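Q: I would like to learn how to read strands, burial and pockets in a model like this one. Could we go through it together?

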Amino acid sequence: MTGPTPSQGDLFVLDSPLLTEVRGEHSLMAYPFFALAKSGWKKPLIYKTDTVSIEIGPGPRGVATIYDKEILLYIASLLVSKMDAGERVAQDFYFTAHDLFRVTGVNGSARSYTRLADALERLQGTQIKTNIEAGGEGQTGFFSWLSEATIKYTKTRVGEPRMKGVQVRLCDWLYRAILKDRRVLEYSPDYFQLGPVERRLYEVARSTCIDGPVQVGLDDLRLQLGYQNSLKHFRHALRGIAEADAIPGYSIMLNEPDIPAAAGPKRRVAAPTLVTLIPKSTKLTPE
């Protein structure tokens with residue numbers, strides 16, 4: 001038996017504006033759930049280790065991108081702010097595009113509203129399957145980031161549509177992860193000014209450098225970021241990012257051994273390149 005039907009006024013009580021910092025769920029920071037692209041990525045994404053399995057399938061508009069993720073970060077921040085305030089929380093959110101744009105630094109042009117509609121479609125259409133548990137529960141099968149996503153609008157006197165708000169329903173998996181696990185971390189406001197690879201580097205550093213610097217192999221880092229181009233291409237991109245010191249709050253150091261491989265049957269193989277992610281608050285002492 002269902003409860004009373006909400007009134008029209010109850011349906012459209014705004015959850016915005018967001019008055020706290022942006023926060024994100026730990027697993028979505030640590031692992032590559034989103035395509036490093038501005039438009040929809042049309043190919044499946046797969047990430048597998050000995051302990052973690054992630055499969056991402058494209059919807060009609062492709063896989064949700066790292067830029068589409070801004071909407072999930074905004075929704076997660078609204079959810080956490082309600083929890084912190086002791087308010088009743090649910091999976092449904094109703095917010096204004098204007099406030100989303102304010103938080104993420106997007107201008108309110110007509111093109112931005114079109115991109116928002118496309119992003120909502122990708123978030124609803126993308127199919128995710130993972131063995132990462134959320135809220136102490138595992139699940140099989142695929143799910144979407146948003147089980148519902150609707151843009152509400154009114155019409156002007158001349159009949160032109162005017163956006164009123166965005167209504168979404170967050171998936172069970174992410175809702176449980178935030179509500180029960182409470183593994184959320186704050187984001188730097190500068191995150192939204194970063195490019196796709198820099199965003200993922202920031203997220204990996206933010207989620208792994210909890211107790212200080214972390215060192216990881218170059219290829220392992222490439223996979224953790226979800227970088228789809230070659231290792232050689234990734235090495236070149238990472239050098240540029242490291243030289244530019246482009247990650248807010250973190251520095252990147254590449255340890256590239258210069259060991260030429262000798263000819264003959266006993267030739268030596270060069271040691272792998274290691275990458276060190278270092279919180280800028282860490283004081284390194286010379287060896």
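Q: Which residue in β11 is the bridge partner of Val-216?
A: In this predicted model, Val-216 is bridged to Val-275 of β11. That pair belongs to a ladder between β9 and β11 (residues 274-279), where four bridges link the antiparallel strands.

Q: What is the strand order of the open sheet of three strands?
A: Read it as β9-β11-β10, with antiparallel pairing. Because β9 (214-217) and β10 (250-255) each have a single partner strand, they stand at the edges, and one side of each is left without a neighbour in the sheet. On average, neighbouring strands of this sheet are turned by 25 degrees against each other, direction ignored.

Q: Now to β3. How many of its five residues are buried?
A: Four of the five, so to read strand β3 (residues 53-57) is to read a mostly covered strand; buried here stands for under 20% relative accessible area.

Q: Which strands does β3 pair with, and how do they run?
A: Strand β2 (residues 45-48) is joined to β3 by four bridges, and the two run antiparallel. A hairpin of four residues makes the connection from β2 to β3. Within that pairing, Leu-45 stands opposite Ile-56. Strand β5 (residues 127-130) is also antiparallel to β3, again with four bridges. There, Gly-57 has Gln-127 as its bridge partner.

Q: Let me turn to cysteines. How many disulfides does the structure hold?
A: Zero. For a disulfide, the two sulfur atoms would have to lie within 2.5 Å.

Q: Are Cys-171 and Cys-209 buried or exposed?
A: Cys-171 is buried, with a relative accessible area of 4%. Cys-209 is buried too, at 6%. Both readings follow because the cut-off for buried is under 20%.

Q: And how do I look for empty space?
A: The general idea is to roll a probe the size of a water molecule over the atoms, which shows where empty space is left. In this structure, the largest pocket has a volume of about 600 Å³. It is lined by 23 residues, and those closest to its centre are Tyr-67, Glu-70, Val-106, Ser-112 and Arg-115.

Q: Which helix gives the largest share of the lining of the largest pocket?
A: That is α5, with six residues. Helices α3 (69-84), α4 (97-104) and α5 (110-125) each supply at least two residues of this lining.

Q: What is the chemical make-up of the lining of the largest pocket?
A: Sort the residues by class: eight are nonpolar, eight polar and seven charged.

Key:
Residues are numbered from 1 along each chain as its sequence is written. This is a predicted model: local features need pLDDT of at least 70, side-chain atom pairs count only at pLDDT 80 or more; totals for chains, interfaces and linings use all residues. Side-chain values use heavy atoms; hydrogens and water are left out. On a 1 Å grid over the protein atoms alone, a cavity is a set of points where a 1.4 Å probe fits but cannot get out, and a pocket is an open set with protein on both sides within 12 Å along at least five of seven lines; lining residues have an atom within 4 Å of a point. Grid points are joined across faces, edges and corners, and a volume is the space filled by probe spheres set on the points. Ala, Val, Leu, Ile, Met, Phe, Trp, Tyr, Cys and Pro count as nonpolar, Asp, Glu, Lys and Arg as charged, and the others, Gly among them, as polar. Buried means under 20% relative accessible area, exposed over 50%, partly exposed in between (1.4 Å probe, protein chains only). Two strands pair if DSSP finds at least two bridges between them. Axes are lines fitted to C-alpha atoms, for helices over the stretch in contact, and angles run from 0 to 180 degrees between N-to-C directions.
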